[in-house]
Amino acid sequence: MSEIRHNWTKEEILEIYNRPMMELLYDAATIHRKQHDPNVVQVSTLLSIKTGGCSEDCGYCPQAARYHTGVEGNDLMSVNQVKAQALRAKAGGSSRVCMGAAWRNVKDGPEFDQVLEMVRGINKLDMEVCCTLGMITENQAQRLAEAGLYAYNHNLDSSEEYYKEVISTRGYQDRLDTIDNVRKTNVTVCSGGIIGMGENIEDRAGMLVALSTLDPQPESTPINALVAVEGTPLEDEKPVEIWDMIRMVATTRIVLPETQVRLSAGRTQMSREGQAMCFFAGANSIFAGDKLLTTPNPDVNEDMKMFELLGMNPQKPFTKKVQPQTVEAVDSEFESLGEKPKWTRPEHKIERNEVAKQKGKELKV
Ligand code: SF4
């Protein structure tokens, strides 16, 4: 077993990231094999249960209402629609459904109650359920846990320093506090970030310092390559080089040895060979389905063909942790508190976000 360290420094992580590629691959693959079955990959399906119209200004996100990106907003999906999609995902080989809502934070009320019903419904299908709903309080995390939630996703996105260059409407500490609220329950933590947003290598290392010093470390860490969508502030960013992705995955594997490292957005830009190198470097989770919230993703059949070619198998649900019990709403220990938490709004000016917002305004007239 590899030692779990919570005291990684940026310098140490940079040293790993910059190792000669063959050394880096060997070191990461060695740790990967000690901790995980190298031929098993966890497959999740990401479902956008409430798309678009978001009040935030995340520079990478086509769902922010202020940018003109052509994403059409929709209301929260019904419980039955979600269950039907989950069944389809299960038939396609997914062991987990991750439900994403374009919200700044969860608000107590009928919509959150509906999400809790979705969680109960999917857990009863014997699938792992994950939610990504924005910032949540401890009480909301407890209610999700009771409903049978397996994981909660809340990405740190980048280093604390670079985060301020991408988002002005919410703060890094709020993200850490949300992760902390999830940690007070038995729900596992999924947290990672995005590369290719114009950050430097120090920022990538800084994000890994923040993730690795969490105690316990996240059970799952998505590494996304930016998909630059027209109309967003980051529309002109160049596609991430496959070598950067491999280095990032390998470094993540070394500093987060037990975590499932997920190859997330940006896989359509990668060849099968590139993805195979990422699996060798320690990635052991992917998102399946032809869409990742609003951006394209490889077709499920393509992924299954790739698995066959590489002799890999999808991971069975609840391999890493037992299935949570579902407590029905009527038996709930945790009632809605109707909280109005004061999450911060730094609102500093980010030039490119302002430009994209102005363009969005003009195009919407
Ligand atoms: S990333 Fe989430 S919070 Fe940010 S704009 Fe998109 S949907 Fe909203």
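## Close-up views of a predicted model

**View 1. Arg 19 and its surroundings.** Beyond its neighbours within four places in sequence, Arg 19 makes contact with Leu 24, Asp 27, Arg 247 and Ile 254. This is a predicted model, and here we start at a loop: Arg 19 sits between helix α1 (10-17) and helix α2 (21-35). For a sense of scale, take Ala 356 as a second landmark. Arg 19 and Ala 356 are separated by 337 residues in sequence, and their C-alpha atoms lie 38 Å apart in space.

**View 2. The largest nonpolar core.** This core is made of 89 residues, and those with the most contacts inside it are Ile 49, Tyr 60, Met 99, Leu 133, Leu 144 and Tyr 152. Its greatest contributor is helix α9 (residues 242-255), which supplies seven residues. As background, nonpolar side chains in soluble globular proteins tend to be buried together.

**View 3. The contacts of Tyr 60.** Let us zoom in on one member of that core. Leaving out residues up to four places away in sequence, Tyr 60 touches Asp 157, Val 166, Ile 167, Arg 170, Ile 194, Met 197, Leu 226, Thr 232 and Leu 234. Apart from the largest core lies another one, of seven residues, including Leu 46, Cys 98, Cys 130 and Phe 287.

**View 4. Two buried cysteines.** Cys 54 has a relative accessible area of 11%, and Cys 61 has one of 18%. Buried means under 20%, so Cys 54 counts as buried, and so does Cys 61. How many disulfides does the structure hold? It has zero. As a reminder, a disulfide would be a covalent bond between the sulfur atoms of two cysteines.

**View 5. Stepping back to the whole chain.** The close-ups above belong to a protein chain with twelve helices and twelve strands. Its radius of gyration is 19 Å, close to the 21 Å given by the globule rule for 365 residues, so the chain is as compact as a globular protein of that length. Along its principal axes, the C-alpha trace spans about 55 × 45 × 40 Å. Of the 365 residues, 58% count as buried. The accessible surface of the chain is about 15,800 Å², with 51% of it belonging to carbon and sulfur atoms. If you like contact maps, here is a handy figure: among contacts in the chain with a separation of 6 or more, 79% come from residues 24 or more positions apart.

Definitions and conventions:
Residues are numbered from 1 along each chain as its sequence is written. This is a predicted model: local features need pLDDT of at least 70, side-chain atom pairs count only at pLDDT 80 or more; totals for chains, interfaces and linings use all residues. Side-chain values use heavy atoms; hydrogens and water are left out. Helices (H or I, at least four residues) and strands (E, at least two) are DSSP runs, numbered from the N terminus. Contact means heavy atoms within 4.5 Å. A disulfide is a pair of cysteine sulfur atoms within 2.5 Å. Buried means under 20% relative accessible area, exposed over 50%, partly exposed in between (1.4 Å probe, protein chains only). A nonpolar core is a set of buried Ala, Val, Leu, Ile, Met, Phe, Trp, Tyr and Cys residues joined through side-chain atoms within 4.5 Å. The radius of gyration is taken over C-alpha atoms; the globule rule is 2.2 Å times the number of residues to the power 0.38. Accessible areas come from the Shrake-Rupley method with a 1.4 Å probe; for residues, only the protein chains shown count as cover.
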